[in-house]
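The following paragraphs lead through one protein structure, part by part. Please keep the sequence and the model in view while reading.

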Amino acid sequence: MMSLCLVFTTTPDAQTAQKIASALVEKQLAACVKQFPGVTATYAWKGKVEVDNECQLLIKTARHVVDEAFACVSEIHPYDVPEWVVINDVTASEEYGSWVAEQTGLNKIME
């Protein structure tokens, strides 16, 4: 089994979600980004309870590019404080984990 990272972030709309997803994959900072539109978020912001419809992103990546991926998302993201929740060392099948490693350049680092 291989280890990879999952990252969660939200965006205000599908257009922003696609822009972030494309940038991450094109820059080899993620192997895959899944988009889940129509997520309702209830949260506290500046002393008020807010309720918004958002698009949830699930970013499949490798630990060695997580910080660079965050920098990329931060440049594009319209929120003052974008969600960035990283779950490290997620176990994946050898084949899938190898694919994530290849897409994020991990195999080049290990050579």
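In helix α1, the residues T16, A17, I20, A21, A23 and L24 are buried, where buried means under 20% relative accessible area, exposed over 50% and partly exposed in between, with a 1.4 Å probe and protein chains only. The model is a predicted one, in which local features need pLDDT of at least 70 and side-chain atom pairs count only at pLDDT 80 or more, while totals for chains, interfaces and linings use all residues. Residues are numbered from 1 along each chain as its sequence is written, and side-chain values use heavy atoms, with hydrogens and water left out. Helices (H or I, at least four residues) and strands (E, at least two) are DSSP runs, numbered from the N terminus.

How are the buried residues of α1 placed when seen down its axis? They fall within an arc of 165 degrees, so they line one face of the helix; the arc is that of the directions from the helix axis to the C-beta atoms. On the other side of α1, Q15, K19 and E26 are exposed. The length of α1 can be checked as well. The expected span of a helix is 1.5 Å times one less than its number of residues, so the 13 residues of α1 should span 18 Å, and the end C-alpha atoms are indeed 18 Å apart.

Both ends of α1 have a feature to look at. At the N-terminal end, D13 acts as a cap, with a side-chain oxygen 3.2 Å from the backbone nitrogen of Q15. This is a polar contact, that is, a pair of N or O atoms within 3.5 Å; within protein, one must be able to donate a hydrogen and the other to accept it, and residues adjacent in sequence count only if both atoms are side-chain atoms. After α1 comes Q28, which has a positive phi of about 55 degrees although it is not a glycine. Q28 lies in the loop between α1 and β2 (32-45) and is partly exposed, with a relative accessible area of 34%. D89 also has a positive phi of about 55 degrees without being a glycine. D89 is in strand β4 and is partly exposed at 48% relative accessible area.

D13 has a further polar contact: its backbone oxygen lies 2.9 Å from a polar atom of the side chain of T11. T11 belongs to strand β1 (residues 2-11) and is buried, with a relative accessible area of 0%. Leaving aside residues up to four places away in sequence, T11 touches T16, A17, I20, E54, C55, L57, H77 and Y79; contact means heavy atoms within 4.5 Å.

In soluble globular proteins, nonpolar side chains tend to be buried together. A nonpolar core is a set of buried Ala, Val, Leu, Ile, Met, Phe, Trp, Tyr and Cys residues joined through side-chain atoms within 4.5 Å. The largest such core here has 19 residues, and L24, L29, V33, L57, I59 and W84 have the most contacts inside it. At least two residues of this core come from each of β1, α1 (14-26), β3 (48-61) and α2 (66-76). The most are given by α1, with five residues. Another core, of six residues, lies apart from it and has L4, L6, A31 and A92 among its members.

Strand β3 also holds K60. Is K60 buried or exposed? K60 is buried, with a relative accessible area of 11%. The C-alpha atoms of K60 and C32 are separated by 5.4 Å, although the two residues are 28 residues apart along the chain. The residues that K60 touches, not counting those up to four places away in sequence, are C5, L6, A30, A31, C32, K34 and Y96.

Finally, the aromatic rings. Rings of Phe, Tyr and Trp (its six-membered ring) pair if their centres lie within 6.5 Å; planes under 30 degrees apart count as stacked, over 60 as edge-to-face and the rest as tilted. By this rule the count comes to two aromatic pairs. F70 and W84 form a tilted pair, 5.2 Å centre to centre with 55 degrees between the planes. This pair links distant parts of the chain, 14 residues apart, with F70 in helix α2 and W84 in the loop between α2 and β4 (85-92). F70 is partly exposed, at 34% relative accessibility. Y96 and W99 have ring centres 5.4 Å apart and planes at 50 degrees, so this pair is tilted. Y96 and W99 are three residues apart in helix α3 (residues 94-103), and therefore separated by about one helical turn.
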